[in-house]
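Here are a few exercises to work through with the model open beside you. Try each one yourself before reading the solution.

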Amino acid sequence: MRIGDAKQSYEADEAIWTSQTQKLWLGFFLLILLVFPFVVDSYLLYLGCLVGIAVISTTGLNILTGFTGLISLGQAGFMGVGAYTVAWLSINTALPFPVTLVLAGLMAAAVGILVGLPSLRVKGLYLAIATLAASVFLHFIFAEWESVTGGMGGLSLEPAHLFGLTFQSDFMMYFIIVPLAVLMVAGARNVFRTRIGRAFIAIRDRDISAEILGINLLRYKLMSFALSSFYAGIAGGLFAYFYRVVTPESFPLSMSIFYLAAVIVGGMGNLLGGILGAAFMTLVPEALKLLTAALTPFYPNAPVFMSPMLEIIFGALIVGFLIFEPHGLAEIWHRIRRFFRLWPFRN
Amino acid sequence: MSILEISNLSLSFGGVKALQDVSFRVPENTVTTIIGPNGAGKTSLFNCISGFYKPQQGTIRYQGQPLPGSIKPPKRAALGLARTFQNIALFRGMTVLDNIKLGAHVHMKSGLLSALAYFGPARREEMAVRRDVEERIIDFLEIDHIRRQPVASLSYGLQKRVELARALAMQPKVLMLDEPVAGMNREEKEDMARFILDIREEWGVTVLMVEHDMGMVMDISDHIAVLNFGQVITEGLPADVQNNPEVIKAYLGNSDIESLRKKLNAEGEAA
């Protein structure tokens with residue numbers, strides 16, 4: 001239960017975590033993240049890393065689509081740019097991996113700005129098509145620019161090294177991916193406490209009034225594209241270090257749709273929604289597979305029936321969420337929080 | 001001295017002449033009102049001043065300097081031309097407080113990197129804006145009880161007030177209000193009239209307003225310009241404008257005041 005909510009300063013009122021209880025829960029959550037790799041098996045660890053990468057990329061797309069209202073089908077392409085940048089740099093240079101990761105983000109951001117240029121003129125579905133074209137174009141470059149990208153065969157890279165440590169196992173990668181994901185989500189949260197985040201939301205809600213109120217539309221739309229693709233580039237770079245092989249087929253168009261679905265299922269314009277959506281989209285197909293395995297002892301034919309059904313069930317779950325929870329998974333969380341606000345008393 | 005001077009402004013959309021050779025001036029530190037029937041071109045004029053429409057002819061001078069089409073809307077906002085909109089244009093995804101803070105956007109400088117870290121300049125700047133918005137605007141407009149609410153949940157009158165707050169956060173020199181009291185009840189109208197007068201007197205801001213509520217226009221305006229079919233019919237003091245036969249004709253379709261009065265009286269007796 002929450003009491004004594006009076007603030008003494010604007011500083012305290014503008015804080016993200018305002019109560020002791022919240023800070024306690026946050027600490028508890030971070031502790032779980034820290035302990036997680038020590039107690040789970042390799043399969044869950046692998047999934048944990050995947051969710052971390054997905055959270056970074058989904059948060060990036062959420063900034064662009066959820067907060068700025070610019071629909072993009074280029075997310076996988078931007079991730080590809082990041083992944084290829086990391087792969088190329090780690091093969092051809094001796095740069096340490098934090099540098100290659102940042103360069104991957106910056107490279108993706110630069111490509112994002114280029115792809116975002118039409119956004120001043122077109123929006124909605126038209127912009128989706130423009131970014132779709134860009135993603136096809138990027139895929140073509142990945143496949144055909146053989147001297148740099150290795151063509152269809154792709155690139156293989158060595159594990160990341162730093163201070164004598166080799167980040168080869170999932171266990172080691174977890175300690176790069178998850179702290180980065182936490183940091184980048186926190187960064188996104190900070191942006192939405194400042195004038196830049198407000199400008200993004202203003203563009204989403206009413207772009208013409210936003211301009212008359214002093215927001216330079218081109219500048220902020222491109223900034224949103226750059227920031228979003230920076231996140232995608234970092235996610236792609238981590239992807240490269242995680243799988244240590246990058247091919248054009250690592251970043252298909254369906255991956256862009258995957259991230260768009262994660263943003264929508266989680267809750268557009270809600271950072272928590274992006275996290276929940278990324279986890280949902282990554283984990284539910286795996287959970288369905290586990291369910292099949294669990295059913296096999298009782299129904300020996302379960303894999304035969306279930307494996308073609310998995311995609312359908314997954315799709316139906318997404319449709320169900322859109323119908324019954326149009327504001328996304330984040331809304332469920334907010335309802336739970338409201339319930340416990342005055343608990344054990346009634347609201 | 002005139003803070004805003006419109007000279008020979010013409011604007012047309014294809015064959016529709018929205019504004020024809022419009023000239024008038026806005027004296028500094030006054031409440032100047034543009035009145036006129038629906039479709040007379042009042043909002044088009046506002047859009048020209050905001051830089052959203054580009055007039056084909058004529059000039060707009062602001063503080064003695066010309067405002068050519070190359071000065072885009074965001075730049076004009078930074079120069080001190082703030083406005084509210086006829087159909088409330090608040091950002092539905094934000095709280096009242098964030099909507100108002102957005103008004104201060106042009107006067108803030110923090111960049112993306114310091115925003116990501118929310119450290120140093122970005123943080124200090126946000127705090128300064130918060131303090132300014134709280135102490136200068138939210139207090140003045142008496143909206144402290146709703147600052148955390150999403151704007152979509154507010155009544156119409158309060159939404160108009162939040163829009164005014166956002167325009168004030170832009171630190172305007174000229175505040176353009178497009179129908180500030182339309183659709184309000186009497187009490188809300190009186191509040192708004194009081195705010196407008198205070199903004200002019202205490203803040204020294206020039207108010208340029210479009211409004212249909214004649215009672216309020218005549219009460220609080222220092223200077224009135226009348227627009228009809230894209231042309232200025234007359235401008236001057238409220239009392240002069242009120243008795244101008246052209247104005248009465250534009251509004252009532254008849255210049256014969258006496259016959260009108262008789263007609264109204266007759267109807268009154270019949271009822």
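**Exercise 1.** Leaving aside its neighbours within four places in sequence, which residues is A:Ile177 in contact with?

*Solution.* Remember that you're looking at a predicted model. Start at A:Ile177 and skip anything within four places of it in sequence. Next, look for residues whose C-beta atoms lie within 7 Å, since that is the cut-off for a contact. You should end up with A:Cys49, A:Gly52, A:Ile53 and A:Leu238.

**Exercise 2.** Find out how many residues the largest nonpolar core has, and what supplies the largest share of it.

*Solution.* First, the count: this core has 173 residues. Then pick out the residues with the most contacts inside it, which are A:Ile177, A:Ile234, A:Leu238 and B:Ala165. Now for the share: helix 11 of chain A (residues 217–243) gives the largest one, with 16 residues. Finally, turn to chain B, where domain 1 (1–80 + 172–238) and domain 2 (90–169) each add at least three residues to this core.

**Exercise 3.** Describe how domain 1 and domain 2 of chain B touch each other.

*Solution.* Begin with the spacing: the C-alpha centres of these two domains of chain B lie 25 Å apart. The contact uses ten residues from domain 1 of chain B and seven residues from domain 2 of chain B. Now zoom in on the domain 1 side of that contact. Helix 2 (73–79) and helix 7 (186–203) of chain B each supply at least two residues there, and helix 2 of chain B gives the most, with three residues. Last, sort the residues on this side by type: eight are nonpolar, one is polar and one is charged.

Technical notes. Residues numbered from 1 in each chain as written. Chains lettered and ligands numbered in written order. Predicted model: local features only at pLDDT ≥ 70, side-chain atom pairs only at ≥ 80, totals over all residues. Core = buried A, V, L, I, M, F, W, Y, C linked by C-beta atoms within 7 Å. Buried ≥ 20, exposed ≤ 12 C-beta atoms within 10 Å, placed from the backbone. Helix = DSSP H or I, 4+ residues; strand = E, 2+ residues; numbered from the N terminus. Domains from an automatic or database assignment. Contact = placed C-beta atoms within 7 Å. Nonpolar A, V, L, I, M, F, W, Y, C, P; charged D, E, K, R; others polar.
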